[in-house]
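Trainee: I am new to this structure and would be grateful for a close look at a single part of it. Please choose one buried position in a loop, describe its surroundings, and then place it within the whole chain.

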Amino acid sequence: MKRVLVFLLSIVFVFGLCGGCTPEEQTPGEYDGYTELLGDPKFQGGINIDATGFGTDVNGRTFADYMGTATDDTYWNYSQHNCNLSTRNGKETKEGDWYVYTDSQDDAAVSKVLKVNPTAGSVALNCDASKDYTEPRTSGNDPWVHMLLGQGFYEESFVSEMDELILDISWTLTKMENLTGDAYNPSLHAAQFQLFFVVESANPAESSGLWFGMPFFDNRETELTQPNGLFDRGTMMYISSMGNAAYMDELATVGNKVTIKHNLLPEIKTALENAQKLGYMQYSTFDDLYLVNMNIGWEIPGIFDVGVDIHNFNLKAKFKEAS
């Protein structure tokens with residue numbers, strides 16, 4: 001599991017294929033009394049597209065407004081760190097209910113395709129990294145392709161005020177091809193689909209928070225993973241990985257839908273305890289912790305062509321009743 005986390009050591013969070021997908025059916029009344037913590041979980045308000053930080057695309061952002069139909073100010077940011085091709089320079093088209101954004105005007109050169117269906121509340125993140133990399137990474141210090149959606153939390157987010165914090169998500173891998181060739185080295189090259197939360201402490205004596213991660217897919221894994229963690233010197237924060245054995249029954253494979261409904265609170269508490277055993281966040285208690293932001297998507301240190309359809313994505317909090 002440690003090899004999964006090594007690729008995250010310098011991560012810094014900056015705020016067709018699924019044409020037949022439908023959102024996960026919800027049991028009537030299942031979330032009565034719960035609060036949705038994600039702003040705009042159906043992506044109806046549009047998406048900010050950030051610069052890559054590479055070449056001439058180093059500053060600014062554009063706005064994906066679904067051809068002028070976006071309903072409100074957006075909560076969502078789309079990050080494409082370290083990519084040679086930028087979605088800010090691509091095309092916007094429409095396929096049925098799907099708005100499609102590419103990172104090149106030349107269809108043959110497109111690497112990243114962001115597809116959003118604000119009617120169904122679905123999104124597809126597809127990346128042919130083989131069209132972005134000029135050569136395989138040769139060092140752990142080399143940058144790698146990111147394709148992430150993220151946002152900050154604006155509602156109450158102190159975890160100690162919640163009885164439950166339910167992640168309700170379903171997704172399907174649509175493509176997974178390793179094109180790294182003879183240069184493939186699993187310590188340097190991978191394709192990872194994952195979700196991360198930044199959890200910080202309200203204690204003014206605390207100097208750092210923690211990354212709370214949920215690994216969904218890693219091409220190198222042959223079995224479900226167990227919890228692990230380490231300190232990230234790049235962000236000066238502890239990284240805690242839940243391990244996907246806690247919320248998945250089997251490894252994800254192309255074409256098979258994965259549905260997850262899981263209460264995150266016990267694992268967040270364990271993440272703090274594990275960090276403190278290693279000497280981090282010594283001034284904090286569980287009561288001090290609150291959610292700051294999140295990101296979901298691909299990190300691709302190897303030359304992989306990948307795709308995922310996220311059918312629905314919700315984060316439901318059940319807050320404690322006032323005494």
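Mentor: Helices and strands are here taken as DSSP runs, of at least four residues for a helix and at least two for a strand, and they are numbered from the N terminus. On that basis, the protein chain comes to two helices and 17 strands. Please bear in mind that the model is predicted.

The part I propose is Ser-111, which is found in the loop between strand S6 (98-102) and strand S7 (112-117). Ser-111 has a relative accessible area of 2%. Buried means under 20% relative accessible area, and Ser-111 is therefore counted as buried.

As to what surrounds this residue, neighbours within four places in sequence are left aside. Ser-111 is then in contact with Leu-85, Asp-103, Asn-126, Cys-127, Asp-128, Ala-129, Lys-131 and Asp-132. One of these partners deserves particular attention: the side chain of Ser-111 reaches the backbone oxygen of Asp-128 at 2.8 Å.

A second loop position may be set beside it. Asp-40 lies in the loop between strand S1 (35-36) and strand S2 (47-50). Asp-40 is also buried, yet has no salt bridge; the nearest side chain of opposite charge, that of Lys-42, is 8.8 Å away. Not counting residues up to four places away in sequence, Asp-40 touches Gly-45, Gly-46, Tyr-75 and Trp-76. To relate the two regions, one may take Gly-39: its C-alpha atom and that of Ser-111 are separated by 28 Å, and the two residues are 72 apart along the chain.

Let us now turn to the interior. In soluble globular proteins, nonpolar side chains tend to be buried together. In this model, the largest nonpolar core has 71 residues, and those with the most contacts inside it are Trp-171, Phe-216 and Trp-298. Strand S17 (residues 304-319) gives the most to this core, namely eight residues. Apart from it lies another core, of seven residues, including Phe-196, Val-198, Leu-230 and Val-292. Phe-216, for its part, touches several residues beyond four places away in sequence, among them Leu-167, Ile-169, Trp-171, Phe-193, Tyr-247 and Ile-296.

Finally, the chain as a whole. Of its 323 residues, 55% count as buried. The C-alpha atoms fill a box of roughly 60 × 45 × 40 Å along the principal axes. The radius of gyration is 19 Å, close to the 20 Å that the globule rule gives for 323 residues, so the chain is as compact as a globular protein of that length.

Terms used
Residues numbered from 1 in each chain as written. Predicted model: local features only at pLDDT ≥ 70, side-chain atom pairs only at ≥ 80, totals over all residues. Heavy atoms only, no water. Buried < 20%, exposed > 50% of the residue type's maximum accessible area, 1.4 Å probe, protein only. Lys, Arg positive; Asp, Glu negative; His and termini not counted. Salt bridge = Lys/Arg side-chain N within 4 Å of Asp/Glu carboxyl O. Contact = heavy atoms within 4.5 Å. Polar contact = N/O pair within 3.5 Å; in protein donor to acceptor, adjacent residues only side chain to side chain. Core = buried A, V, L, I, M, F, W, Y, C linked by side-chain atoms within 4.5 Å. Rg over C-alpha atoms; globule rule 2.2 N^0.38 Å.
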